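Work through the exercises below with the model open. Try each task before reading its solution.

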2 protein chains.
Amino acid sequence: MSFWKSLFNSQPSTSATTTAVGLGSQAALERDSSTEGQIIFSKDKEIDVYELEELCDAVGWSRRPIRKVKKAIQFSFLVISMWEQRGAYRRLIGFSRATSDHAFNATIWDVVVHPEFQGQGLGKELMRQMIKELRSEDISNITLFADPHVVDFYRQLGFRPDPEGIKGMFWYPNSR
Amino acid sequence: MSFWKSLFNSQPSTSATTTAVGLGSQAALERDSSTEGQIIFSKDKEIDVYELEELCDAVGWSRRPIRKVKKAIQFSFLVISMWEQRGAYRRLIGFSRATSDHAFNATIWDVVVHPEFQGQGLGKELMRQMIKELRSEDISNITLFADPHVVDFYRQLGFRPDPEGIKGMFWYPNSR
């Protein structure tokens, strides 16, 4: 149990782990606005779930019941959405959320970046914002479950698979 | 993403996955009460955190700040405690809790059974109660992070490590 406990007892890092601006209610990422829209991050949970489903459609995820998506957002500890802003027009281009006990542990779910905006470092920036916010809430144990093709993506952000042999496990209905 | 989505879309199992009695506010496990105290399960979050810390001490876990333990219990979606009852005397002998988005995902944390009560199937019963309660809340994706020596314990309960190559990952402060 030493691994868990060392994390439980650890203090928040005092060194900055991201170069991004902090999220008050929202934050903007600097880009060349002459050619690209500005990228905005927001912690606001009031997200149009139909727009979110469109984003999830764009990466090929199956549809989920809207009622449950709304509930999941409401009961997530942290939600960060990423938007492209061009003038008055704002488009949802990324999303992530985390469940938490508000004290020790957080688990990140539903990380998605629109295919048109992938490969520009925006997914990494989204995750850095998630980590920064969770750390600012004194959450020391930040976890996630990564599909095989994104393990290296998360590794670059400081996540380690199976530390000290700890295994992520999923319960399967009717598997017994 | 097919794995996640098939779970998101799955319906709760209609077949019973445990032989235990259901938890109203609490449930009792039948034992030979002439020689052993009765085992009681409870979902009540009003737990004496000092008694819980004693239990965690007994299995060698490091102390955690009481304030944070209280908060973690308060913001857990599900807490199940296990008690030995002998007459009017009730002793905390097991504990588990889960974080959740109340819709799709739950993650089980802090599973502990007092050493004097290990090896009697009580840990399995505690976990079956957790699974049953989470399923009754329509949570389809039940996850946990297992230390190497308890992977087989969870496997027997229907948990699978790294399904379809999905990796449990932990963020390490200052690892970048």
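**Exercise 1.** Find the partner of Gln38(A) in strand 3 of chain A. Note that the model is predicted.

Solution. Start with the strands. Strand 2 of chain A spans residues 38-42. It pairs with strand 3 of chain A in the antiparallel sense, over five bridges. Now read across from Gln38(A): the residue opposite is Gln85(A).

**Exercise 2.** In which sense do strand 3 and strand 4 of chain A pair, and over how many bridges? Then inspect their hairpin.

Solution. Strand 4 of chain A covers residues 89-100. The pairing with strand 3 of chain A is antiparallel, with nine bridges. Take Ile80(A) as a check: its bridge partner in strand 4 of chain A is Ser96(A). Next, go to the turn. Two residues lie between the strands of this hairpin. There, Gly87(A) takes a positive phi near 60°.

**Exercise 3.** Why is strand 3 of chain A largely enclosed by the rest of the structure?

Solution. Take residues 78-86, which form the strand. Apply the cut-off: buried means under 20% relative accessible area. Seven of the nine residues of strand 3 of chain A are buried, so the strand is largely enclosed by the rest of the structure.

**Exercise 4.** Which rotation superposes chain B on chain A? Name the relation, then locate the axis.

Solution. Superpose chain B on chain A: the rotation is 180°, with 0.0 Å of shift along its axis and an RMSD of 0.0 Å. That is the relation of a two-fold axis. The same surface serves both copies, as 100% of the contact residues of chain B recur in chain A. To locate the axis, use Gly168(B). Its C-alpha lies at 2.1 Å from the rotation axis, the closest approach among the residues of chain B.

Conventions. Residues are numbered from 1 along each chain as its sequence is written. Chains are lettered from A and ligands numbered from 1 in the order in which they are written. This is a predicted model: local features need pLDDT of at least 70, side-chain atom pairs count only at pLDDT 80 or more; totals for chains, interfaces and linings use all residues. Side-chain values use heavy atoms; hydrogens and water are left out. Buried means under 20% relative accessible area, exposed over 50%, partly exposed in between (1.4 Å probe, protein chains only). Helices (H or I, at least four residues) and strands (E, at least two) are DSSP runs, numbered from the N terminus. Two strands pair if DSSP finds at least two bridges between them. Copies are superposed by least squares on the C-alpha atoms of residues with pLDDT of at least 70 in both. Contact means heavy atoms within 4.5 Å.
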